[in-house]
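Welcome to a short set of exercises on reading a protein model. Try each task on your own, then follow the worked solution step by step.

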Amino acid sequence: MVIDLKRWRGGGYTRRIEKWMEIQRTERIYDLGSLPPFLLVFAGHVAPIPHRWNQHGLGGDNVRGSCRDLHPGPVSLLHWSGSGKPWLRLDSKRPCPLDALWTPYDLYRHSH
């Protein structure tokens, strides 16, 4: 996500997102993690960014056991979106090939 901070602050977006989070806390209107409040506030006023900036879906997009490859070309950010987190798959001894890219940042390497 790329944000124009001047517009963000001027538009009161933090408070607007917090409002949806408060509603979620009492009414449970969605089950998809942290993204829905942003989608509700921006209501379609978003633009995609090229894959080279965000390699998303490495967590299998909430499909248990699915592994993904990198998009072709250079990648700036690896995003394990979905439920398949590399630390969980490594601990369970069922990693995806790209989970090895995360291991240098694992503070608990000794557990693998």
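**Exercise 1. Find where Ala-47 sits, decide whether it is buried or exposed, and look up its distance to Val-2.**

Step 1. Ala-47 belongs to the loop that runs between H3 and H4; helices here are DSSP runs of type H or I with at least four residues, strands are runs of type E with at least two, and both are numbered from the N terminus.

Step 2. The relative accessible area of Ala-47 is 64%, so this residue is exposed. The scale is: buried under 20% relative accessible area, exposed over 50%, partly exposed in between, using a 1.4 Å probe and protein chains only.

Step 3. Along the sequence, Ala-47 and Val-2 are 45 residues apart, while their C-alpha atoms are 9.7 Å apart in space.

Before you go on, a word about the model: it is predicted, local features need pLDDT of at least 70, side-chain atom pairs count only at pLDDT 80 or more, and totals for chains, interfaces and linings use all residues. Residues are numbered from 1 along each chain as its sequence is written, and side-chain values use heavy atoms, with hydrogens and water left out.

**Exercise 2. Work out which residues of H3 are buried and what they pack against.**

Step 1. The buried residues of H3 are Pro-36, Pro-37, Val-41 and Phe-42.

Step 2. These buried residues pack against H1 and H2, where contact means heavy atoms within 4.5 Å.

Step 3. Now step just past the helix: Ala-43, right after H3, has a positive phi of about 35 degrees.

**Exercise 3. How many salt bridges does the whole structure hold, and which residues are linked in a network?**

Step 1. Start with the rule: a salt bridge needs a side-chain nitrogen of Lys or Arg within 4 Å of a carboxyl oxygen of Asp or Glu.

Step 2. Searching the whole structure gives four salt bridges.

Step 3. One of them joins the side chains of Arg-15 and Glu-18, at 3.7 Å from N to O. Both residues lie in helix H2 (residues 13-27), three residues apart, which is about one turn of the helix.

Step 4. Arg-15 also forms a salt bridge with Glu-22, and here the closest N and O atoms are 3.2 Å apart. Arg-15, Glu-18 and Glu-22 are thus the members of a salt-bridge network.

Step 5. Check how open these residues are. Arg-15 has 45% relative accessibility, so it counts as partly exposed. Glu-18 is partly exposed at 36%, and Glu-22 is partly exposed at 36%.

**Exercise 4. Describe the partner, the place and the phi angle of Arg-28.**

Step 1. The side chain of Arg-28 meets that of Asp-31 in a salt bridge of 3.1 Å, N to O.

Step 2. Arg-28 is in the loop between H2 and H3.

Step 3. With a relative accessible area of 55%, Arg-28 is exposed. Asp-31 is exposed as well, at 67%.

Step 4. Phi of Arg-28 is positive, near 45 degrees, in a residue other than glycine.

Step 5. For practice, look at Lys-93 in the segment after H4. Lys-93 is not a glycine, yet its phi is positive, at about 65 degrees. Its relative accessibility of 55% makes Lys-93 exposed.

**Exercise 5. Is Gln-55 buried or exposed, and which residues does it contact?**

Step 1. Gln-55 is found in the loop between helix H3 (35-42) and helix H4 (86-91).

Step 2. Gln-55 has a relative accessibility of 1%, so it counts as buried.

Step 3. Leave aside the neighbours within four places in sequence. Gln-55 is then in contact with Asp-69, Leu-70, His-71, Val-75, Leu-77, Leu-78 and His-79.

Step 4. Look closely at His-71: its backbone nitrogen lies 2.6 Å from a polar atom of the Gln-55 side chain.

**Exercise 6. Give the domains of the chain and the distance between their centres.**

Step 1. The domain assignment gives domain 1 (5-42) and domain 2 (49-111); such bounds come from an automatic or database assignment.

Step 2. The C-alpha centres of domain 1 and domain 2 lie 26 Å apart.

Technical notes
A polar contact is a pair of N or O atoms within 3.5 Å; within protein, one must be able to donate a hydrogen and the other to accept it, and residues adjacent in sequence count only if both atoms are side-chain atoms.
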